[in-house]
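User: Please take a close look at the strands of this model and the loops that join them. I should also like to know how the parts around them are arranged.

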Amino acid sequence: MVLALFFDLTDTLQDFDWNKQWNLLQEVIMKEAGDEVPIELLKKYYQQTYDFYRIGKIKNDFEFFDLIFRQLAMNISNKQIEKIVDRHLEIRKEFTSLPEKYDKTLIELAKHFKLAIVSSGVWPWGDYDFEKIFCFPMKKHFDLIVNSYEEGYLKDSGKLFDIALEKMGFDAKEVAYVGNSYEKDVLLAKQYGMKTIFLNKKNESLQGDITITKLSDLVEIIDQVKLI
Ligand SMILES: [Mg+2]
């Protein structure tokens, strides 16, 4: 019997237009740092640095962008980095949004299940998006949030699941994990003994224990979810 739902955050509870994100960020960076920024290297160091940020080895946005420019061996002033930090937060509203019927969906689900977020995203950004763009705290509908930034481990270590299960007092088999990535959510959660709900937004020919195409579908299948 499924008693709790754990959710992935990025592209599950929060939608992103990744092309737009990258194009806008690139514009912001080039405006401050100049046209000579090597884009391919920037992308590479962005990704590497992002992975450190996700597990809290980098503490804030200044450290994040500063480290990228250090790796690029570019001479950028603190003031320029601060400007990039501010502009990056300002542009986030252009590329992130909530899935349709987010509030309604979670209010309904909370009547039937305990709800948690278990995420490997960059916590300060998720927190900012909910507080400043969506205008309510991420915690609003959830009993618990476990994130890699605070715990120091990524989701694929399994440790975030252990922490969430222990804090909420559930066995893995009493939990269904809801996520948009077959590999990083469905296969992973299955490996740790949880039931799986695959949010199959890209119409992949893959299945979780239950497969849905949008978050709000969950409300229609509550009884089915309980009995996975
Ligand atoms: Mg995701």
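Analyst: Asn203 lies in the loop between β7 and β8; helices (H or I, at least four residues) and strands (E, at least two) are DSSP runs, numbered from the N terminus. The model is predicted, so local features are reported only at pLDDT of at least 70 and side-chain atom pairs only at pLDDT 80 or more, while totals for chains, interfaces and linings use all residues. Residue numbers start from 1 along each chain, as its sequence is written.

Although Asn203 is not a glycine, its phi is positive, at about 55°. Asn203 counts as exposed because 7 other C-beta atoms lie within 10 Å. The cut-offs, applied to C-beta atoms placed from the backbone, are 20 or more others within 10 Å for buried, 12 or fewer for exposed, and in between for partly exposed. A further case is Cys135, in the loop between α6 and β5. The phi of Cys135 is near 70°, again a positive value in a residue other than glycine. Cys135 is likewise exposed, because it has 7 C-beta neighbours inside 10 Å. As background, most residues other than glycine have a negative phi.

The sheet comes next. Six strands form an open sheet in the order β5-β4-β1-β6-β7-β8, with parallel pairing; two strands pair if DSSP finds at least two bridges between them. At the edges stand β5 and β8 (210-212), each of which pairs on one side only. From one strand to the next the twist averages 20°, where axes are lines fitted to C-alpha atoms (for helices over the stretch in contact) and angles run from 0 to 180 degrees between N-to-C directions.

Within that order, β1 and β4 run parallel and share four bridges, and Phe7 has Ile117 of β4 as its bridge partner. β1 is also joined to β6 by four bridges, again in parallel. Here Ala4 is the bridge partner of Val175 in β6, and Leu5 stands opposite Ala176. Four further bridges join β6 to β7, which run parallel; Gly179 is partnered there by Phe198 of β7.

How are the faces of β1 and β6 placed, covered or open? In β1, both faces are covered, with Ala4 and Phe6 buried on one side and Leu5 and Phe7 buried on the other. In β6, five of its five residues are buried: Val175, Tyr177 and Gly179 on one side, and Ala176 and Val178 on the other.

Residues from these strands recur in the largest nonpolar core, which has 36 residues; Phe6 and Ala176 touch the most other members. Such a core is a set of buried Ala, Val, Leu, Ile, Met, Phe, Trp, Tyr and Cys residues joined through C-beta atoms within 7 Å. Two or more residues each come from β1 (4-7), α5 (102-110), β4 (114-119), β5 (144-147), α8 (159-168), β6 (175-179), α9 (182-191) and β7 (195-199). A second, separate core has 16 residues, including Ala33, Leu42, Ile84 and Val122. Leaving aside residues up to four places away in sequence, Ala176 touches Val2, Leu5, Met194, Lys195, Thr196, Ile197, Val225 and Ile228; contact means that C-beta atoms, placed from the backbone, lie within 7 Å. In soluble globular proteins, nonpolar side chains tend to be buried together.

The loop between β1 and β2 (15-16) contains Gln14. Gln14 counts as buried because 22 other C-beta atoms lie within 10 Å. Apart from residues up to four places away in sequence, Gln14 touches Leu9, Thr96, Leu98, Gly126 and Asp129. The C-alpha atoms of Gln14 and Glu40, which are 26 residues apart along the chain, are separated by 27 Å.

On a wider view, the domain assignment gives domain 1 (4-15 + 97-226) and domain 2 (18-95), with bounds that come from an automatic or database domain assignment. Their C-alpha centres lie 28 Å apart. In all, 13 residues of domain 1 are in contact with 10 residues of domain 2. On the domain 1 side, α6 (123-134) and α7 (148-151) are the elements that give two or more residues. The largest share of that side, four residues, comes from α6. By class, the domain 1 side has seven nonpolar, four polar and two charged residues, where Ala, Val, Leu, Ile, Met, Phe, Trp, Tyr, Cys and Pro count as nonpolar, Asp, Glu, Lys and Arg as charged, and the others, Gly among them, as polar.

Terms used: Two residues are in contact if their C-beta atoms, placed from the backbone, lie within 7 Å.
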